[in-house]
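I sat down with this one to look up ring pairs, helix packing and a few single residues. My entries follow, in the order I made them.

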Amino acid sequence: MLKRPTPRQLQPNVKHFATGKVLYKGISNSARVYKKPVFFTNLKHHAEKYVKARLGEYATKRPLKLLELTPRTLRWLLKQPDLSVMNKNRITFVMGVNVTVGDQMKLVNKIVSNQGHRNHIRKVMANNLLQTGAQPNSRGGRKSFMNINLNMYQSLCGFCRSRGYDGLFVDELKSPFHPLFGSELVLCDPKNSLVNVNFPLNN
């Protein structure tokens, strides 16, 4: 009797950027000090949408290894025992993985403690749905609120550093809350990863 093959262990997707790869950041204030991790993009047109002071350009000073947040990677992350329930809830909310839009809105109660902030988030999400036509039973998708994003990526950076990753990468995504959510590149320690091309980044 033939033995069944051993199922392959789920592995995450990895994105590599070579030395000299140019990245962009829409600088909101020339004097702003950015908390780590810091958000960039490899798409100039996407960074230009966020420019208030100037467009920052940076180049990788060495090869970068990034955890790419694809559906497969997200399934892998949610199985990791050293990520807390709170962090897994944040990942599920931000990325809309394996949930409906209605489930994402319910998750607000688990990841936000302030009632006023909860109400604000739900109002923003409801307005997004009016614009896109998505329904509570629609498949979930990418949604961003700065504080929730930052908390999620701060926790993931600790996870990534211990496994040899320099940060995380998310490609452009369709979302029930936005026609298209732009690509996002998060570097856990930009000073050790980038050289300034046209503007020094305070972090």
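**Aromatic pairs**

I started with the rings, and the count comes to five aromatic pairs. I keep in mind that this is a predicted model.

I looked up F17 and F169 from that list. Their ring centres are 5.9 Å apart and the planes make 75 degrees, an edge-to-face pair. F17 sits in strand 1 (residues 13-17) and F169 in strand 6 (residues 167-170), so this pair ties together parts that are 152 residues apart in sequence. Are these two rings buried or exposed? F17 has 7% relative accessibility, so I put it down as buried, the cut-off being under 20%. F169 is buried too, with a relative accessible area of 2%.

Next I took F40 and Y58. I get 5.6 Å between the ring centres and 80 degrees between the planes; edge-to-face needs over 60, so the label fits. F40 belongs to strand 3 (residues 38-40) and Y58 to strand 4 (residues 54-60), so here the parts tied together are 18 residues apart in sequence. I checked burial again: F40 is at 3% relative accessibility and counts as buried. Y58 counts as buried at 1%.

**Charges over rings**

Back to F17, this time for lysines. The charged end of K21 sits over the F17 ring, 5.5 Å from its centre. I also noted K65, which lies over the face of Y165 at 4.7 Å from the ring centre.

**V14**

Both K65 and Y165 turned up again when I looked at V14. V14 is in strand 1. Leaving aside neighbours within four places in sequence, I find V14 in contact with K65, L66, E68 and Y165. V14 and Y165 are 151 residues apart in sequence, yet their C-alpha atoms are 8.9 Å apart in space. How much of V14 is accessible? Its relative accessible area is 32%, and the band between 20% and 50% is called partly exposed, so that is the label I wrote down.

**Helix 4 against helix 5**

I moved on to the helices. Helix 4 (residues 101-111) packs on helix 5 (residues 115-132) at an angle of about 165 degrees, and the axes are 9 Å apart. Over 145 degrees counts as roughly antiparallel, so I call the two helices that. I have the crossing down as right-handed. Which residues make the contact? From helix 4 I list V101, Q104, M105, V108 and N109; from helix 5, R118, I121, R122, M125, A126 and L129.

Then I asked what else helix 4 leans on. Its buried residues are V101, G102, Q104, M105, L107, V108 and I111. These pack against helix 3 (85-95), helix 5 and helix 6 (146-161).

**Helix 3**

Helix 3 was the obvious next stop. I find it mostly covered, with nine of its eleven residues buried. The buried ones are N87, K88, N89, R90, I91, T92, F93, V94 and M95. What do they pack against? I get helix 2 (71-77), helix 4, helix 5, helix 6, strand 6 and strand 7 (173-175). Just after the helix comes G96, and its phi is positive, near 65 degrees.

**F93**

I picked F93 out of helix 3 for a closer look. F93 has a relative accessible area of 0%, so it is buried. Not counting residues up to four places away in sequence, F93 touches Q104, L107, V108, I111, I121, M125, G141, F145 and I148. Among these, Q104, L107, V108 and I111 were already on my list of buried residues in helix 4. I121 and M125 were there too, on the helix 5 side of the contact with helix 4. I also took one distance: F93 and L173 are 80 residues apart in sequence and 15 Å apart in space, C-alpha to C-alpha.

**R161**

Last entry, on R161, which I place in helix 6. Its relative accessibility is 48%, under the 50% that exposed requires, so R161 counts as partly exposed. From R161 to N151 I get 16 Å, C-alpha to C-alpha, for two residues ten apart in sequence.

How values were computed: Residues numbered from 1 in each chain as written. Predicted model: local features only at pLDDT ≥ 70, side-chain atom pairs only at ≥ 80, totals over all residues. Heavy atoms only, no water. Phe/Tyr/Trp six-rings, centres within 6.5 Å; stacked < 30°, edge-to-face > 60°. Helix = DSSP H or I, 4+ residues; strand = E, 2+ residues; numbered from the N terminus. Buried < 20%, exposed > 50% of the residue type's maximum accessible area, 1.4 Å probe, protein only. Lys NZ or Arg CZ within 6 Å of the ring centre and 35° of its normal. Axes fitted to C-alpha atoms, helices over the stretch in contact; angles between N-to-C directions. Parallel < 35°, antiparallel > 145°, perpendicular 65-115°, else oblique. Left-handed = near helix turned anticlockwise from the far one by under 90°. Contact = heavy atoms within 4.5 Å.
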